[in-house]
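Trainee: Please select one part of this model and examine it closely, together with the surroundings into which it is set.

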Amino acid sequence: GGDNIKQANWLSVSNIIQLGGTVIGSARCKAFTTRAGRLRAARNLVEHGITNLCVIGQISKEVAQENCRLNIVGLVGSIDNDFCGTDMTIGTDSALHRIMEVIDAITTTAQSHQRTFVLEVMGRHCGYLALVSGLASGADWLFIPESPPEDGWEDLMCERLGETRSRGSRLNIIIIAEGAIDRNGKPISSNYVKDLVVQRLGFDTRVTVLGHVQRGGTPSAFDRVLVGPGKMGMEAVMALLEATPDTPACVVSLSGHQPGCHGAVLSPPQPKTKDVQKAMDEKRFDEAIQLRGRSFENNWNIYKLLAHQKPAQEKSPFSLAILNVGAPAAGMNAAVRSAVRIGICQGHTVYVVSDGFEGLSKGQIREVGWHDVAGWLGRGGSMLGTKRTLPKTCMEKIVENVRKFNIQGLLVIGGFEAYEGVLQLVEARGQYEELCIVMCVIPATISNNVPGTDFSLGSDTAVNAAMEVRDRARGSSQSHPWSHHVSAWHTGNEPGSHPRLQRGTQGGCVFILQANVEHLTDKMKTDIQRGLVLRNEKCHEHYTTEFLYNLYSSEGKGIFDCRINVLGHLQQGGAPTPFDRNYGTKLGVKAVLWMSEKLQEAYSKGRMLANSAESACVIGLRKKVVAFSPVTELKKVTDFEHRLPQEQWWLNLRLMLKMLANYQISLTEYISGTMEHV
């Protein structure tokens, strides 16, 4: 009570979105674990006239029941991502960013000095951070509490590390969760692992314990938009506003990566969360992995598939070719790496093609092995090279090389050109029998404009790159309190990617700009003396960045001044984010497994004949399911003039953006999440 409870206003939370941690403080309160302590807390709320409580962290079933007349909504804040009922907790993605920054830095020094690094990450009871960072870095060995290594693991680990070095690798990365144990429940420490490697192999080995570094730093774009102050925060407030005395306490959760959060009645998830620890205590480790959820189990299985080469059970008669098409995007190399390795595991002959469809037409094709793609996970751009050339300009040469190399499967990783190119190949099947092969597109473009998926590879990295620049600009504007930044952001070449300003063709754009200028002018007269206008590079033919700069400079004269920032190709470069590394890895694996299945179905009597619509698909994340959509079906819902799907889910974020920018809009337009038992 007392001064710990203060009334907030709009300015109270201005300029905190880029800050890590919590500006209001957080604690594990012993007094609150007692009924007397909770009664005091309830009294403090009543004295302040508070009837709705939004808890960011975790609340128990008992707390919810004992405060039954207080409307309570919880948001799970935990970097461990250990709460059953939500796909991602607040802070997890940002913690992964911190871990990957350290691993990328360590990789450089490890390669220079030919060292082994043992990296200890947080996770006393949950191995999520260790597992996902291991998958994103291609770690040589991984320790998580949910799946302790088999007895005799010391011999096997040292054997594999030695094999890696003997093939020319200059580094080894071992990731260990702080709660790692062996099959008998005995802790496995990072120092024990280090001493083991030094004594048995003689490798120069270092230990790095990240500790609370993982909790700090700038929040990632994912934590800001979907699970932090963005969608989930709004869902929590809307749930409180719509609550009645009979509404049960609930926790707002994220279902998939789609920005639609679902209320999960609090009582079911809590026991399930505790069941994981119970299974681990009773040494039911396979069950513990399953209880963590499908995503956790999937991550674990993929890591085991890709970490070490296992000989294929039998040689396959099929050959796959992998190529990148369009502009470079972060995560392309991760997808190529996993596709190559899972293809080899399936026994296929795997080729990679340089420079996209143009390279396929010129015969720039080579066979690759498991170790040829080592170290590709954390690299930005495209290691294969990529071009925008479409097949229709060189169809006969492409057909000739498909025949020459006996290619039965084609995996194309890229943007709209990749999708359009595969569609052209499918439509040419009637003329060329050689094109009756299995084809799959993995969407990879910062523009996120490929039909058949909610998220394309590279878009998360691009948004984080743009966000980082904006945070720096924000710091500059604080130093010069009367500045206002008008920024042009390179978000793709597709006209209409952000079609708001296209209303200018009907005359509405002038009124939008007028309202925005008035809004910013009023804002600058308050204590919030900064503003931001984002412009897509192709949003309007006449309302250019220079025009907007001149408009705001003129209208803001005497109140604020303006600056221009054009990000350009900065958004296409840099190391991939943890999301893009893992997303690319998973899509590469799932795409090749799907292709292997289709190859078996279409192969008969030594001849490949894949000519059904289902034999050429785009793989993508649709809500929370990875789905395969035939390119011929997607053609019906594609706007080829503007190079976009006819509908974009992310346009629904505009209402949230206006709310958070303090525009006066009706809450009746907002579509709330649904309440459901998880």
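Mentor: What follows is a close look at one strand, its partners and its wider setting.

This is a predicted model, in which local features need pLDDT of at least 70 and side-chain atom pairs count only at pLDDT 80 or more, whereas totals for chains, interfaces and linings use all residues. Residues are numbered from 1 along each chain as its sequence is written, and side-chain values use heavy atoms, with hydrogens and water left out.

The part chosen is strand S3, residues 116-121; helices (H or I, at least four residues) and strands (E, at least two) are DSSP runs, numbered from the N terminus. Strand S3 is largely enclosed by the rest of the structure, because 6 of its 6 residues are buried. Buried here means under 20% relative accessible area, with exposed over 50% and partly exposed in between (1.4 Å probe, protein chains only). Thr116, Val118 and Glu120 point one way from S3, while Phe117, Leu119 and Val121 point the other way, and all are buried.

S3 is joined to two strands, where pairing requires at least two bridges found by DSSP. With S5 (residues 172-177), S3 runs parallel through 6 bridges, and Val121 has Ala177 as its bridge partner there. With S6 (residues 205-209), S3 is again parallel, through 5 bridges, and Leu119 stands opposite Thr208.

The wider setting includes two nonpolar cores, each a set of buried Ala, Val, Leu, Ile, Met, Phe, Trp, Tyr and Cys residues joined through side-chain atoms within 4.5 Å. The largest has 133 residues, and Ile175 is one of those that touch the most other members, as are Val340 and Leu410. Helix H19 (residues 578-602) gives the most to this core, with 10 residues. At least three residues come from each of domain 2 (92-215) and domain 3 (312-458 + 581-645), with bounds taken from an automatic or database domain assignment. A second, separate core of 15 residues includes Trp153, Ile174, Ile176 and Phe203.

Charged pairs complete the account. A salt bridge requires a side-chain nitrogen of Lys or Arg within 4 Å of a carboxyl oxygen of Asp or Glu, and by this rule there are 21. Glu146 and Arg292 form one of them, with their closest N and O atoms 2.7 Å apart. Glu146 lies in the loop between S4 (141-143) and H5 (153-166), and Arg292 in the loop between H10 (285-291) and H11 (294-307), 146 residues apart. Both Glu146 and Arg292 are buried.
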